[in-house]
Amino acid sequence: MSPKEAPRVRRSGRGRVADWFTPARTLVVALVVLAIVFMVENTEQVRIRLIIPLVTMPLYLALLLMFLVGALCGGLFFRRRSG
């Protein structure tokens, strides 16, 4: 009998909802909740100088943009080259 034809057996007496709450998913949910709390708490406007212009934006948006720029730079720096 191939693995595709084998009957599915539950790992334990847990149901579908309990299978969804893995440690990694629980950590992601906790980080999302913390990110939402951070955004709600840091909505005040800050002034940021971008070489020449002076930009006013919420603090959480400025930090989010810097995170995205850093992730993009890290992704470009550590990407695997084909060939």
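**Close-up views of a predicted model**

**View 1. The turn at Ile51.** Ile51 sits in the loop that runs between S1 and S2. The model shown here, and in every view below, is predicted. With a relative accessible area of 78%, Ile51 is exposed. Its phi is near 60°, a positive value in a residue other than glycine. Most residues other than glycine have a negative phi. The turn containing Ile51 belongs to a hairpin formed by S1 and S2, with four residues between the two strands.

**View 2. The pairing of strands S1 and S2.** Strand S1 covers residues 45-49 and strand S2 covers residues 54-58. The two strands run antiparallel and are joined by five bridges. One of the residues to look for is Arg49, whose bridge partner in S2 is Leu54. In a regular strand the side chains alternate between the two faces of the sheet.

**View 3. Val46 and its surroundings.** Val46 is a residue of strand S1. Its relative accessible area is 22%, so Val46 counts as partly exposed, the range that begins where buried, under 20%, ends. Leaving out residues up to four places away in sequence, Val46 touches Val55, Thr56, Met57, Pro58 and Leu59. Among these, Val55, Thr56, Met57 and Pro58 fall within the residue range of strand S2, while Leu59 falls within the range of helix H3. Between Val46 and Tyr60 the C-alpha to C-alpha distance is 9.6 Å, and the two residues are 14 residues apart in sequence.

**View 4. Asn42 between helix H2 and strand S1.** Asn42 is found in the loop that links helix H2 (23-41) to S1. The relative accessible area of Asn42 is 16%; because buried means under 20%, Asn42 is classed as buried. A polar atom of the Asn42 side chain lies 2.9 Å from the backbone oxygen of Phe38. Phe38 itself falls within the residue range of helix H2. When neighbours within four places in sequence are set aside, Asn42 is in contact with Leu59 and Tyr60. Both of these partners fall within the range of helix H3, residues 59-78.

**View 5. A nonpolar patch that includes Leu64.** Leu61, Leu64, Leu65, Met66, Phe67, Leu68 and Val69 make a nonpolar surface patch of about 650 Å². Leu64, one of these residues, is placed in helix H3. Leu64 has a relative accessible area of 40% and is partly exposed.

**View 6. The whole chain, for orientation.** The protein chain has three helices and two strands. Along the sequence these elements follow the pattern α-α-β-β-α. Of its 83 residues, 5% count as buried; Asn42, in View 4, is a buried residue. The accessible surface of the chain comes to about 8,000 Å², and carbon and sulfur atoms account for 68% of that surface. Among contacts with a separation of 6 or more, 3% are between residues 24 or more positions apart.

How values were computed:
Residues are numbered from 1 along each chain as its sequence is written. This is a predicted model: local features need pLDDT of at least 70, side-chain atom pairs count only at pLDDT 80 or more; totals for chains, interfaces and linings use all residues. Side-chain values use heavy atoms; hydrogens and water are left out. Two strands pair if DSSP finds at least two bridges between them. Patches are made of residues with over 30% relative accessible area and no salt bridge: like charges are joined within 9 Å, nonpolar side chains (Val, Leu, Ile, Met, Phe, Trp, Tyr) within 5 Å. Accessible areas come from the Shrake-Rupley method with a 1.4 Å probe; for residues, only the protein chains shown count as cover. A salt bridge is a side-chain nitrogen of Lys or Arg within 4 Å of a carboxyl oxygen of Asp or Glu. Buried means under 20% relative accessible area, exposed over 50%, partly exposed in between (1.4 Å probe, protein chains only). Contact means heavy atoms within 4.5 Å. A polar contact is a pair of N or O atoms within 3.5 Å; within protein, one must be able to donate a hydrogen and the other to accept it, and residues adjacent in sequence count only if both atoms are side-chain atoms.
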